[in-house]
Amino acid sequence: MTEITLQLKATPTDIGFDILAISEGEAKGHGITFASAVLQEGMHLYSNKPVFIDHAGFDAPSVRNLAGTISSPGWSVAEKGITAKLRPSGPAADVLLSIRDAAKSDPAIMEAVGFSTVLHVKLDTKGNVTKIVRVKSVDVVIDPARGGRFLSAHLGHKGVDMSEETTILESAALS
């Protein structure tokens with residue numbers, strides 16, 4: 001019997017980070033408003049959703065732009081919004097991590113980059129969202145529309161607070 005020794009190179013990876021995906025308030029540029037009660041009711045729709053780099057536009061999202069997944073949605077009373085875990089994975093995971101790292105060290109990027117939810121909603125006649133019908137994805141974009149930020153990084157340090165390195169991770173409503 002021949003004995004073979006394989007040498008494997010292990011590269012540590014992020015297992016994810018916490019985000020504030022959306023909070024109550026008006027979605028800038030869309031003229032619609034999200035109330036806390038509506039967000040809480042639709043919170044479960046954020047579970048197991050993909051994260052893409054940029055919105056797809058009129059085309060379907062490309063698998064080349066898949067950067068991660070959203071899981072474990074929860075409610076933050078303090079933030080008045082939906083929190084979630086974002087796990088980098090897919091062909092564009094390195095782009096997501098690069099954006100996150102750049103935002104942590106560059107306030108201009110921190111200010112410009114965030115998350116925008118692609119979703120379907122029901123509205124009343126005044127532009128208030130009455131129901132979140134479907135969440136399709138949460139995309140990394142420039143100048144997102146509705147409230148949020150990175151909350152912590154899971155790099156072997158549970159609950160690392162990143163609030164001083166805050167980005168605008170907002171969610172746009174698309175009906």
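Trainee: Is Arg 100 buried or exposed?
Mentor: Keep in mind that this is a predicted model. The cut-off for buried is under 20% relative accessible area. Arg 100 has a relative accessible area of 3%, so Arg 100 counts as buried.

Trainee: Which residue does the side chain of Arg 100 meet in a salt bridge?
Mentor: Opposite charges are the thing to look for, because side chains of opposite charge can pair when their charged atoms come close. The partner here is partly exposed, with a relative accessible area of 39%. The N to O distance is 2.9 Å, and the partner is Asp 101.

Trainee: How many salt bridges are there by this rule?
Mentor: The rule asks for a side-chain nitrogen of Lys or Arg within 4 Å of a carboxyl oxygen of Asp or Glu. Lys 80 and Glu 24 make one of them, at 3.9 Å from N to O. The full count comes to 4.

Trainee: How many residues apart are Lys 80 and Glu 24?
Mentor: Start with their salt bridge, which joins the two side chains. Lys 80 sits in the loop between β5 and β6, while Glu 24 sits in the loop between β1 and β2. Those are distant parts of the chain, and the separation is 56 residues.

Trainee: What relative accessible area does Glu 24 have?
Mentor: Partly exposed lies between the buried limit, under 20%, and the exposed limit, over 50%. Lys 80 falls in that range at 42%. Glu 24 is partly exposed too, and its value is 29%.

Trainee: What is the phi of Lys 80 in the turn?
Mentor: Look at β5 (residues 66–76) and β6 (residues 81–88), which pair in the antiparallel sense over 7 bridges. They form a hairpin with 4 residues between them. Lys 80 is in that turn, and its phi is positive, at about 55°.

Trainee: Which residue in β6 stands opposite Ile 70?
Mentor: Ile 70 is in β5, where it is the bridge partner of Lys 49. That pairing belongs to the 4 bridges joining β4 (residues 49–52) to β5, which run antiparallel. Over in β6, the residue opposite Ile 70 is Leu 86.

Trainee: How many residues apart are Asp 143 and Lys 28?
Mentor: Their side chains meet in a salt bridge at 2.9 Å, N to O. Asp 143 is in the loop between β8 and β9, and Lys 28 is in the loop between β2 and β3. This pair also links distant parts of the chain, with a separation of 115 residues.

Trainee: Does Asp 143 count as buried or exposed?
Mentor: Its partner Lys 28 counts as partly exposed, at 41% relative accessibility. The limit to pass for exposed is over 50%. Asp 143 comes in at 54%, so Asp 143 counts as exposed.

Trainee: How far apart in space are Ala 21 and Lys 85, C-alpha to C-alpha?
Mentor: Ala 21 has its place in strand β1, and at 0% relative accessibility Ala 21 counts as buried. Along the sequence, Ala 21 and Lys 85 are 64 residues apart. In space, C-alpha to C-alpha, the distance is 9.3 Å.

Trainee: Where in the chain is confidence lowest?
Mentor: The mean pLDDT of the chain is 79, and 75% of its residues reach 70 or more. Confidence is highest in helix α1 (residues 36–42), at 97. Where pLDDT is low, the predicted coordinates should not be read in detail. The lowest mean is 35, in strand β10.

Terms used: Residues numbered from 1 in each chain as written. Predicted model: local features only at pLDDT ≥ 70, side-chain atom pairs only at ≥ 80, totals over all residues. Heavy atoms only, no water. Pairing = 2+ DSSP bridges. Helix = DSSP H or I, 4+ residues; strand = E, 2+ residues; numbered from the N terminus. Buried < 20%, exposed > 50% of the residue type's maximum accessible area, 1.4 Å probe, protein only. pLDDT = per-residue confidence, 0-100.
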